[in-house]
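Visitor: Hello! I am new to this structure and would like to learn how to read it. Could you walk me through a few of its features?

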Amino acid sequence: MPSNCIRQENRTRKQTALAPGPITYKHHIQQIFGEPVRKLSVDAGFTCPNLDGTLSRGGCSYCNNESFVPTATADVTGQLRRQIDRVSHSRRPARRYIAYFQAHSNTYAPVETLRRVYDEACAVPGVAGLAIGTRPDCVPDPVLALLEGYAERMPVWLELGLESS
């Protein structure tokens with residue numbers, strides 16, 4: 001892992017009593033990080049078994065990847081830096097960010113490719129966590145082991161598209 005990734009090594013998170021009713025995502029993030037954190041969408045150029053012909057072609061009817069921003073017109077570092085610059089001038093600036101791999105199946109690649117892409121995101125100053133969208137059938141044990149390694153250093157969210165299960 002790059003040395004400038006923000007780490008939460010051996011840090012015990014303060015346990016909070018469950019309040020009645022739901023806790024918002026914003027509140028949950030503030031409990032974890034102790035400050036506002038922005039989620040920045042990244043398109044790493046991955047595909048999916050319903051696009052590449054492994055299972056079908058054309059994608060899923062519920063998955064509109066064109067609606068995700070940005071498109072993979074730049075490397076992961078460039079996408080994150082542009083968004084950090086934009087966010088820093090917004091009404092809700094933040095010092096820390098979650099790199100959100102949203103478009104397509106972001107675990108559908110060889111483990112070394114995934115490691116390279118996730119490491120690139122972690123190397124961007126201020127990135128404090130990873131959120132990875134994928135399909136349940138694209139998370140074999142070696143990918144889970146890779147994600148577990150990241151989760152030892154920072155919060156990691158694995159967002160599963162259950163429609164594909």
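Visitor: What volume does the second largest pocket have?

Guide: Happy to help! Please keep in mind that this is a predicted model. The second largest pocket has a volume of about 270 Å³. Two elements give two or more residues each to its lining, namely α1 (25-33) and β1 (37-42).

Visitor: Which element gives the most to the lining of the second largest pocket?

Guide: That is α1, with four residues. The residues that line this pocket include Tyr-25, Lys-26, Ile-29 and Gln-30, and also Lys-39, Arg-92 and Pro-93. Sorted by class, the lining has five nonpolar, four charged and one polar residue.

Visitor: Now to the rings. How many aromatic pairs are there?

Guide: The general idea is that a pair of aromatic rings is described by the distance of the centres and the angle of the planes. Here the count comes to two aromatic pairs. In one of them, the ring centres of Tyr-118 and Tyr-150 are 5.8 Å apart and the planes stand at 80°, so this pair is edge-to-face. Tyr-118 belongs to helix α3 (residues 111-122) and Tyr-150 to helix α4 (residues 141-151), so the pair ties together parts that are 32 residues apart in sequence. Together with Phe-101, Tyr-118 and Tyr-150 form one aromatic cluster.

Visitor: Is Tyr-118 buried or exposed?

Guide: Tyr-118 is buried, and so is Tyr-150. Tyr-150 also has a charged companion: Arg-153 lies over its face, at 5.6 Å from the ring centre. Likewise, the charged end of Lys-39 sits over the ring of Tyr-100, 4.1 Å from its centre.

Visitor: And how many salt bridges are there?

Guide: As a general idea, side chains of opposite charge can pair when their charged atoms come close. In this model the count comes to four salt bridges. One of them joins the side chains of Glu-35 and Arg-96, at 3.1 Å from N to O. Glu-35 lies in the loop between α1 and β1, and Arg-96 in strand β2 (residues 96-101), so the pair ties together parts that are 61 residues apart in sequence. Glu-35 is buried, and so is Arg-96.

Visitor: Which residue forms a salt bridge with Arg-115?

Guide: That is Glu-112, with the closest N and O atoms 3.4 Å apart. Glu-112 and Arg-115 are three residues apart in helix α3, so about one helical turn separates them. Glu-112 counts as exposed at 54% relative accessibility, while Arg-115 counts as partly exposed at 33%.

Terms used:
Residues numbered from 1 in each chain as written. Predicted model: local features only at pLDDT ≥ 70, side-chain atom pairs only at ≥ 80, totals over all residues. Heavy atoms only, no water. 1 Å grid on protein atoms, 1.4 Å probe; cavity = no way out; pocket = protein on both sides within 12 Å on 5 of 7 lines; lining within 4 Å. Points joined across faces, edges and corners; volume = space filled by probe spheres on them. Nonpolar A, V, L, I, M, F, W, Y, C, P; charged D, E, K, R; others polar. Phe/Tyr/Trp six-rings, centres within 6.5 Å; stacked < 30°, edge-to-face > 60°. Buried < 20%, exposed > 50% of the residue type's maximum accessible area, 1.4 Å probe, protein only. Lys NZ or Arg CZ within 6 Å of the ring centre and 35° of its normal.
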